[in-house]
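I set out to record what I looked up in this model, entry by entry. The strands come before the domains in these notes.

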Amino acid sequence: MRAVVLAAAGGPEQLHLRTLPDPVPGPDDVLVRVRACGVAHRDLIERRSAPLGMVLPIVQGHEFAGEVAAVGANVTEWSVGDRVLNLYTAACGQCEACRAGEPRRCQAITEAYGLTVNGGYAELVRVHRSALVRLIDGIAWPVAATLMSALGVGYNNVVHKARVRPGEHVLVTGASGGVGLAALQAAKLRGAHVWAVTGSAAKEDRLRAMGADEVIVDDGTTIHKQVRGKRRQGVDAAIDCVGSPTLNGTLRAVRPYGRVVAIGNVDPAPLQLNVGLLVVGAIDLLGSDNVTLEALAELMPLVRDGTLAATIDETIPLDRVADAHRRLEAREAFGRIVINLSLPTTEFTQ
Ligand SMILES: [Zn+2]
């Protein structure tokens with residue numbers, strides 16, 4: 001099979017299109033023929049920094065969709081031809097969390113796609129049977145590839161973590177990214193008044209077209225001033241899709257007894273947090289719950305029916321992944337870049 005291999009931690013030049021042996025599924029594995037795979041900001045961070053636990057060389061790509069091409073001897077719940085998408089990690093099936101029916105909280109995660117085992121920047125990927133979700137009909141492959149990590153994370157955290165209610169004012173930072181655009185749409189769907197924060201003035205019109213009621217152009221230092229300049233009491237809730245550059249400004253933009261969900265972590269450097277903001281303001285600072293099977297089940301019909309839209313900046317062939325990393329790094333993309341495995345490639349395969 002052909003795959004894009006990250007040879008070593010570093011720049012996009014470390015990504016190489018190569019021919020690798022086809023993966024062989026073990027008894028509890030499924031072989032998936034990848035039809036589309038998202039290229040996310042997280043991929044850039046991991047490519048640059050090779051976090052603890054990352055295996056190198058590796059095929060990156062933690063969000064993909066495709067068809068089952070083969071199943072291991074023990075697998076009865078999946079069949080050749082099934083339409084599937086993946087979860088971030090496989091679950092052990094035996095720990096307390098798994099036995100309680102919460103595999104995403106597994107205490108003994110066995111594999112993380114694109115990080116500890118090969119992911120979806122490839123024609124084929126081996127996936128543990130526990131890490132697949134059935135894809136309903138009527139959703140195109142590039143859209144399916146964004147369901148879990150972009151749409152699913154944005155939707156789940158707005159609806160089930162921040163519990164946004166009709167009429168609330170909701171701030172979304174990193175609003176022009178894949179997760180941010182999903183959070184923006186989900187908050188609008190809940191009947192909220194949405195404040196979208198972006199670092200790029202050029203993205204304002206497109207954010208308004210996606211439903212943003214207010215757009216704040218900011219580098220992370222003036223969010224609270226801009227919000228409180230227009231609405232003195234601040235917003236009711238915030239979804240922070242960026243992390244340390246925006247979290248303090250976000251906390252200061254939220255009213256007392258409001259809540260902030262931290263989803264993004266684009267800059268892994270530690271953050272100096274003003275605890276007084278939490279104590280005096282009685283603000284609930286919540287961690288991302290990523291995505292749940294329940295949220296995906298709710299989300300898929302909304303996407304199929306066009307109620308929620310995947311925002312795909314561009315679909316690319318497999319040999320343009322390094323270019324996609326460069327475009328994301330330059331903050332040029334609006335939404336996700338998605339590899340479409342059916343697009344022809346021109347680059348020579350090593
Ligand atoms: Zn477990």
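**Strand pairing**

I began with strand E1, residues 2-6, which is joined to E2 by five bridges, the two strands running antiparallel. The model is a predicted one, and I read every entry below with that in mind. To fix the register, I looked up Ala3 and found that its bridge partner in E2 is Arg18.

I then asked in what order the strands of this open sheet lie. There are three of them, in the order E2-E1-E4, with antiparallel pairing. I noted strand E2 (15-19) and strand E4 (58-59) as the edge strands, since each pairs on one side only.

Next I followed strand E3, residues 29-39, to its partner. Seven bridges join strand E3 to strand E5, residues 64-71, and these two also run antiparallel. I took Val34 as a reference point and found Gly66 as its bridge partner in E5.

E5 has a further pairing, with strand E6 (residues 83-86), through three bridges and again in an antiparallel sense. Here I recorded that Ala65 has Leu85 as its bridge partner in E6.

**Backbone between H1 and E4**

I checked the peptide bonds and found a cis bond between Leu56 and Pro57, with omega at about -5°. I placed Pro57 in the loop between helix H1 (41-49) and E4.

Ala50 also caught my attention: its phi is near 40°, a positive value in a residue other than glycine. I located Ala50 in the loop between H1 and E4.

**Salt bridges**

How many salt bridges does the structure hold? I recorded 28.

I examined one pair in detail: Glu123 forms a salt bridge with Arg2, and the closest N and O atoms are 3.2 Å apart. The pair links distant parts of the chain, with the two residues 121 apart. I found Glu123 in the loop between helix H2 (96-99) and strand E7 (124-128), while Arg2 belongs to strand E1. As a general remark, side chains of opposite charge can pair when their charged atoms come close.

**The two domains**

I turned to the division of the protein chain. Domain 1 takes in 2-146 + 311-340, and domain 2 covers 149-287. I noted 28 Å between the C-alpha centres of domain 1 and domain 2.

For the contact between them, I listed 13 residues on the side of domain 1 and 18 residues on the side of domain 2.

How much area do domain 1 and domain 2 bury between them? I entered about 1200 Å², of which 56% is on carbon and sulfur atoms. In domain 1, the residues that lose the most area to domain 2 are Thr146, Phe334 and Arg336, which together account for 44% of what that side buries.

I next asked which polar links cross from domain 1 to domain 2, and counted seven residue pairs in polar contact. I then sorted the residues of domain 1 that touch domain 2, and obtained four nonpolar, five polar and four charged. The count of salt bridges between domain 1 and domain 2 is zero.

I close the entry with the contrast that I wish to keep: the structure holds 28 salt bridges, yet zero are counted between domain 1 and domain 2.

Technical notes
Residues numbered from 1 in each chain as written. Predicted model: local features only at pLDDT ≥ 70, side-chain atom pairs only at ≥ 80, totals over all residues. Heavy atoms only, no water. Domains from an automatic or database assignment. Contact = heavy atoms within 4.5 Å. Buried area = accessible area lost by both parts, 1.4 Å probe. Salt bridge = Lys/Arg side-chain N within 4 Å of Asp/Glu carboxyl O. Polar contact = N/O pair within 3.5 Å; in protein donor to acceptor, adjacent residues only side chain to side chain. Nonpolar A, V, L, I, M, F, W, Y, C, P; charged D, E, K, R; others polar. Pairing = 2+ DSSP bridges. Helix = DSSP H or I, 4+ residues; strand = E, 2+ residues; numbered from the N terminus.
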